[in-house]
Amino acid sequence: MSDCIFCKIINKEIPSEIIYEDDKVIAFKDVNPQSPIHVLVIPKEHIESANDIDDVNSNLISHIFLTIKDLAKELGIDREGYRIVNNCGEFGGQTVSHMHFHILGGRKFSWPPG
Ligand code: 5GP
Ligand code: ZN
């Protein structure tokens, strides 16, 4: 998707602080962090939202969660805990239409989110 900001990050057309990358996913620091640690994990394939997960691409979801688990350990937040967030669509608060998972750590969160 040529006009997708996250595809541009994947293609290194715009800079970002990438902390992990492989053939399927990329993880980078959120430009507007909501916690001391705020990382976005995204598939390299342009999938618009969680609504677009299907039998063909769903293997990416397990890969993303395995990546999140490894990154949480590397970032030193695995034991104290952290939040994984996926916002889907307008009411879910999704502002970038390339599916992404937030890793939020380094502070305690409350529930419900409001
Ligand atoms: P959403 O609200 O769609 O769940 O989350 C989008 C996230 O992407 C936001 O937290 C926002 O700060 C982040 N973001 C938007 N544009 C950029 C960018 O150009 N670079 C980086 N690193 N993060 C971005
Ligand atoms: Zn994209």
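The legends below describe close-up views of a predicted model.

**View 1. Coordination of the zinc ion (ligand 2) by Cys4, Cys7, His46 and His98.** The cysteines bind through SG and the histidines through ND1, at 2.0 to 2.3 Å. Angles subtended by the four donor atoms run from 103 to 117°, so the arrangement is tetrahedral; the criterion for four donors is that all angles lie between 85 and 135 degrees. Along the chain, the donors of this zinc ion are spaced as C-x2-C-x38-H-x51-H. Cys4 and His46 link distant parts of the chain, 42 residues apart. Cys4 belongs to the segment before helix 1 (5–10), whereas His46 sits in the loop between strand 3 (37–43) and helix 2 (59–75).

**View 2. Accessibility of two zinc donors, Cys4 and His46.** Cys4 has 6% relative accessibility and therefore counts as buried, the limit for that class being under 20%. His46 has 23% relative accessibility and is therefore classed as partly exposed. Both residues are donors to the zinc ion (ligand 2), Cys4 through SG and His46 through ND1.

**View 3. The salt-bridge network of Lys12, Glu21 and Lys44.** The side chains of Lys44 and Glu21 form a salt bridge with an N to O distance of 2.8 Å. Lys44 is located in the loop between strand 3 and helix 2 and Glu21 in strand 1, so this contact ties together parts 23 residues apart in sequence. Lys44 is partly exposed, its relative accessible area being 25%. Salt bridges with shared partners join Lys44, Glu21 and Lys12 into one network. In the contact between Lys12 and Glu21, the closest N and O atoms are 3.1 Å apart. Glu21 is partly exposed as well, at 34% relative accessibility.

**View 4. Backbone of Lys12 in the loop between helix 1 and strand 1.** Lys12 is not a glycine, yet its phi is positive, at about 60°. Most residues other than glycine have a negative phi. The side chain of Lys12 takes part in the salt bridge with Glu21.

**View 5. The salt bridge between Lys29 and Glu17.** The closest N and O atoms of this pair are 3.4 Å apart. Lys29 is part of strand 2 (residues 25–29) and Glu17 of the loop between helix 1 and strand 1 (18–21), so the contact ties together parts twelve residues apart in sequence. Lys29 is partly exposed, with 41% relative accessible area. The structure contains four salt bridges, among them this one.

**View 6. A nonpolar surface patch made by Phe65, Tyr82 and Ile84.** The area of the patch is about 230 Å². Phe65 is located in helix 2. With a relative accessible area of 37%, Phe65 is partly exposed; patch residues need over 30%.

**View 7. His100, listed by UniProt under "active site".** The listing comes from an unreviewed entry. His100 is placed in the loop between helix 3 (89–92) and strand 5 (101–105). Its relative accessible area is 4%, so His100 is buried.

**View 8. The cis peptide bond between Trp111 and Pro112.** Omega for this bond is about 5°. Pro112 belongs to the segment after strand 5. Most peptide bonds are trans.

Note on methods
Residues numbered from 1 in each chain as written. Chains lettered and ligands numbered in written order. Predicted model: local features only at pLDDT ≥ 70, side-chain atom pairs only at ≥ 80, totals over all residues. Heavy atoms only, no water. Donors = N, O, S within 2.8 Å, 3.2 Å for Na, K, Ca; no water. Tetrahedral: all angles 85-135°; square planar, octahedral: opposite > 155°, others 65-115°. Helix = DSSP H or I, 4+ residues; strand = E, 2+ residues; numbered from the N terminus. Buried < 20%, exposed > 50% of the residue type's maximum accessible area, 1.4 Å probe, protein only. Patch = residues over 30% accessible without salt bridge, like charges linked within 9 Å, V, L, I, M, F, W, Y side chains within 5 Å. Areas by Shrake-Rupley, 256 points an atom, 1.4 Å probe, with all protein chains shown as cover. UniProt positions renumbered as here; feature names shortened; annotations may be inferred.
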